[in-house]
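Here is a small set of exercises to work through with the coordinates open beside you. Try each task before reading its solution.

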Amino acid sequence: MQVGDLIRLRGDKTMGIVLKKNRITRSYDNPEAGKTLAMEYLVKLVTDNKAAWYIQDSLELVNEGRRSCQK
């Protein structure tokens with residue numbers, strides 16, 4: 001999942017847009033060198049207009065957002 005994607009909360013009909021993503025790593029001092037434990041996403045829910053962080057396993061992709069073409 002990427003920023004701008006439309007997602008749905010697993011087991012629910014609530015939908016939202018991914019605003020930001022964050023890698024959760026084992027190394028707190030140097031996150032780039034640490035092993036990735038999980039990805040979390042800041043999602044703005046469409047139904048109640050609130051943003052909250054969700055772990056990747058609790059989300060499912062509905063539709064990819066528009067991405068610019070890179071050469």
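**Exercise 1: Strand β1 and its partners**

I7 has G16 in β2 as its bridge partner. Before going on, a word on the source: this is a predicted model, in which local features need pLDDT of at least 70 and side-chain atom pairs count only at pLDDT 80 or more, while totals for chains, interfaces and linings use all residues. Residues are numbered from 1 along each chain as its sequence is written, and side-chain values use heavy atoms, with hydrogens and water left out.

Task: work out how β1 pairs with β2 and with β5.

Solution.
- Start with the terms: strands are DSSP runs of E with at least two residues, numbered from the N terminus, and two strands pair if DSSP finds at least two bridges between them.
- On the β2 side, β1 pairs in the antiparallel sense over three bridges.
- The hairpin of β1 and β2 has five residues between the strands, and G11 there takes a positive phi near 75 degrees.
- On the β5 side, four bridges join β1 to β5 (residues 59–63), again antiparallel.
- Two residue pairs to find here are R8 opposite E60 and L9 with its bridge partner L59.

**Exercise 2: The whole sheet**

Task: write down the strand order of the sheet and name its edge strands.

Solution.
- Count the elements: the protein has zero helices (H or I runs of at least four residues) and five strands, giving the pattern β-β-β-β-β along the sequence.
- Arrange the strands in space: the open sheet has the order β4-β3-β2-β1-β5, with antiparallel pairing.
- Pick out the edges: β4 (51–55) and β5 each pair on one side only.
- Add the twist: neighbouring strands are turned by 45 degrees against each other on average, direction ignored, with axes fitted as lines to C-alpha atoms and angles running from 0 to 180 degrees between N-to-C directions.

**Exercise 3: Faces and core**

Task: which side chains of β1 are buried, and which residues form the largest nonpolar core?

Solution.
- Set the cut-offs: buried means under 20% relative accessible area, with a 1.4 Å probe and protein chains only.
- Follow β1: I7 and L9 point to one face and are buried, whereas L6 and R8 point to the other and are not.
- Define the core: it is a set of buried Ala, Val, Leu, Ile, Met, Phe, Trp, Tyr and Cys residues joined through side-chain atoms within 4.5 Å.
- List the members: the largest core has nine residues, namely I7, L9, V18, M39, Y41, V43, L45, Y54 and L59.
- Assign them to strands: β1 and β3 (36–45) each supply at least two residues, and β3 gives the most, with four.
- Look at one member: beyond its neighbours within four places in sequence, L45 is in contact (heavy atoms within 4.5 Å) with residues including L9, G16 and Y54.

**Exercise 4: Two buried polar residues**

Task: are D5 and T25 buried or exposed, and what lies by them?

Solution.
- D5 lies in the segment before β1 (6–9), and D5 is buried because its relative accessible area is 1%.
- A polar atom of the D5 side chain lies 2.8 Å from the backbone nitrogen of Q2.
- T25 belongs to β2 (residues 15–25) and counts as buried because its relative accessible area is 5%.
- The C-alpha atom of T25 is separated by 4.5 Å from that of T36, 11 residues apart along the chain.
- For the overall picture, buried residues make up 23% of the 71 residues.

Note on methods: Buried means under 20% relative accessible area, exposed over 50%, partly exposed in between (1.4 Å probe, protein chains only). A polar contact is a pair of N or O atoms within 3.5 Å; within protein, one must be able to donate a hydrogen and the other to accept it, and residues adjacent in sequence count only if both atoms are side-chain atoms.
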